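User: Could you take a close look at one helix for me and tell me what surrounds it? I'd like the pockets around there covered too.

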Amino acid sequence: MQVQLPFYPEQASNFAPRVDSLMTFLIVVSVFFSAAITAAIVYFFFRFHRKSKTEIGAPLHGDLRLEITWIVLPSLLALAMFGWGAAVYVDYRHAPKDTLDIYVIGKQWMWKIQQPNGRREINELHVPTGRDIKLILASEYVIHDFFVPTFRVKMDVVPGHYNTMWFRPTKPGRYHFFCSQYCGTSHAMMGGWVTVMDPSDYAAWLSGSSGENVDPVVAGEKLFVEKACATCHLGNGTGRAPSLNGVYEGTVRLADGSNVTADDAYIRESILNPPAKIVAGYQPVMPSFQGQLTEEQILSLTAYIKSLQSQPVPASGAGVSAPGKK
């Protein structure tokens, strides 16, 4: 059931009807009980107020049925609200597998966005209808919050950490997005527009020429060589550092015996703080690149490492197994 609340933005994503239905339920329950309790207070005030100063009220005793009712009914309603909200939240926090991944970087005071093919935008985000979109969010300085009212989605954007959010646009159009976390002097100006297009129009737009288009894989490969990463991370697994072939989304065995999934957050941490998680069979010899790389450069390196996902893991690749293997 799709419920459009008055004075609310239009619904333009898969989450909007579900969030609005939950909000409608919460409002109806709140209004009903507010009205019922207020009416009861007014009624009892006039019905049972003291008629004279010498009047003494009759002694009152508890009513077990009433006590059970006002404990059980609110508890059931609270559990219903919690369950409904939890179902929406769990779905929101677990993105589908086949998503269109777009990187979003918050800066003071703008949003820098990079499409999968490297096309870059500032305060603009183009997406196709009917496709699951995952935004990978990072901040360079302070906490921001990416909020699209018509999609009913928002997520904090935290320095030194990746957050993700996903949605499925359902209606072509142009919709405003905001930073909903105060981030400094020009916070109120830190916004932009999401342009939702038909898939064919999006594909044509994405392939359009632009002087700023830089394939992130190519840029990442260049950085990989320039920063001397290639001297240790040899593809055949014979270097001083583990091979990165097939590592993305694979399972990495660490020196302390634990395992970790090589996702975007793990790759970022390994670049900026290598000693945090040492791969089994290797020494902590990698230097930190903290302060030496921008968020865009980290994203390019991540894109390059992702491109090696299909490469076979060498037999000498200690501590690393391909995606889906333990």
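Analyst: Sure, let's go with helix H5, residues 264-272, which is mostly covered: 7 of its 9 residues are buried. Keep in mind that this is a predicted model. The buried ones are Asp264, Tyr266, Ile267, Arg268, Ser270, Ile271 and Leu272. And what do they pack against? There are four strands and a helix on that list: strand S1 (100-107), strand S5 (133-139), strand S11 (251-253), strand S12 (259-261) and helix H6 (295-307).

Now for the pockets. The largest pocket has a volume of about 850 Å³. Of the 31 residues that line it, the closest to its centre are Asp101, Lys134, Tyr248, Glu249 and Asp264, and Asp264 is one of the buried residues in H5. H5 is also among the elements giving two or more residues to this lining, along with helix H2 (64-93), S1, S5, strand S8 (163-167), helix H4 (216-226) and H6. By class, you get 15 nonpolar, 8 polar and 8 charged residues here.

H5 turns up again in the second largest pocket, where it gives the largest share of the lining, 4 residues. That pocket holds about 600 Å³ of space. Out of 32 lining residues, His233, Ala241, Pro242, Ser270 and Met286 are the closest to its centre, and Ser270 is another buried residue of H5. The elements that give two or more residues to this second lining are H5 and H6. Its class breakdown is 25 nonpolar, 4 polar and 3 charged residues.

Terms used:
Residues are numbered from 1 along each chain as its sequence is written. This is a predicted model: local features need pLDDT of at least 70, side-chain atom pairs count only at pLDDT 80 or more; totals for chains, interfaces and linings use all residues. Side-chain values use heavy atoms; hydrogens and water are left out. Buried means under 20% relative accessible area, exposed over 50%, partly exposed in between (1.4 Å probe, protein chains only). Contact means heavy atoms within 4.5 Å. On a 1 Å grid over the protein atoms alone, a cavity is a set of points where a 1.4 Å probe fits but cannot get out, and a pocket is an open set with protein on both sides within 12 Å along at least five of seven lines; lining residues have an atom within 4 Å of a point. Grid points are joined across faces, edges and corners, and a volume is the space filled by probe spheres set on the points. Ala, Val, Leu, Ile, Met, Phe, Trp, Tyr, Cys and Pro count as nonpolar, Asp, Glu, Lys and Arg as charged, and the others, Gly among them, as polar.
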